[in-house]
Amino acid sequence: RGEPSPNTWPNISSQYGFIDMCGFPKDTFYYYQSVWGDKPMLHLFPHWNFKGEEGNPIPVWVYSNLDEVELFVNGVTAGWQAVEKNGHAAWNVRYQPGVIEVRGRHPNRAGPLVERRETTGAPAQLVLTVDRDAFIADGEDTIVVSCEVQDANGRVVPTASNEVQFHV
């Protein structure tokens with residue numbers, strides 16, 4: 001499961017790496033894509049749910065293999081940043097609920113690449129997704145089921161801490 005350094009027992013896995021224990025990509029996963037990938041890409045983080053932090057500065061980062069990216073907070077530009085090779089773009093912006101969006105241009109694309117994060121509502125539903133349409137019910141095949149906590153508009157609530165129990 002990985003070395004738990006710098007932590008010790010009872011930790012049994014590392015907080016480092018580019019995928020989590022369930023195989024979902026962490027932000028670092030996209031950093032590696034920006035360094036080693038040829039396909040134009042943007043990855044904007046963190047999420048944009050910081051209830052109680054209104055007006056406080058929040059660091060916003062972008063991993064990209066584009067030359068320049070522009071950040072918008074609720075439609076207002078926070079400025080362009082160059083993305084250095086093997087680096088990232090970063091801003092400190094005051095939190096306000098709404099939308100953060102990053103746009104980047106690539107010389108071989110007609111329009112900009114866009115990625116956004118949006119403040120979500122309260123948890124309203126669980127959505128299960130499977131990794132394939134069919135499996136062999138022979139007692140040996142497996143299927144991966146992902147569970148998302150979504151708000152009433154179908155957006156994943158990144159700060160949800162609801163307890164969910166499954167029985168199979």
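The following questions and answers deal with salt bridges in a predicted model.

Q: How many salt bridges does the structure hold?
A: A pair counts when a side-chain nitrogen of Lys or Arg lies within 4 Å of a carboxyl oxygen of Asp or Glu. In this predicted model, the number of salt bridges is eight.

Q: Is glutamate 101 buried or exposed?
A: Glutamate 101 shares a salt bridge with arginine 103, at 2.7 Å from N to O. The relative accessibility of glutamate 101 is 11%. The cut-off for the buried class is under 20%, so glutamate 101 counts as buried.

Q: What is the relative accessible area of arginine 103?
A: Arginine 103 meets glutamate 101 in a salt bridge. Arginine 103 is partly exposed, and its relative accessible area is 33%.

Q: What is the N to O distance in the salt bridge of arginine 116 and glutamate 118?
A: Arginine 116 is partly exposed at 41% relative accessibility. Glutamate 118 is also partly exposed, at 33%. Their side chains meet in a salt bridge with an N to O distance of 3.8 Å.

Q: Which residue forms a salt bridge with aspartate 141?
A: Aspartate 141 is partly exposed, with 29% relative accessibility. The closest N and O atoms of its salt bridge are 3.5 Å apart, and the partner is arginine 132.

Q: Which residues are linked in a network of salt bridges?
A: Glutamate 101 pairs with arginine 103, and arginine 116 pairs with glutamate 118. Both pairs belong to a network of salt bridges, whose members are Glu101, Arg103, Arg116, Glu118, Asp151 and Arg155.

Note on methods. Residues are numbered from 1 along each chain as its sequence is written. This is a predicted model: local features need pLDDT of at least 70, side-chain atom pairs count only at pLDDT 80 or more; totals for chains, interfaces and linings use all residues. Side-chain values use heavy atoms; hydrogens and water are left out. Buried means under 20% relative accessible area, exposed over 50%, partly exposed in between (1.4 Å probe, protein chains only).
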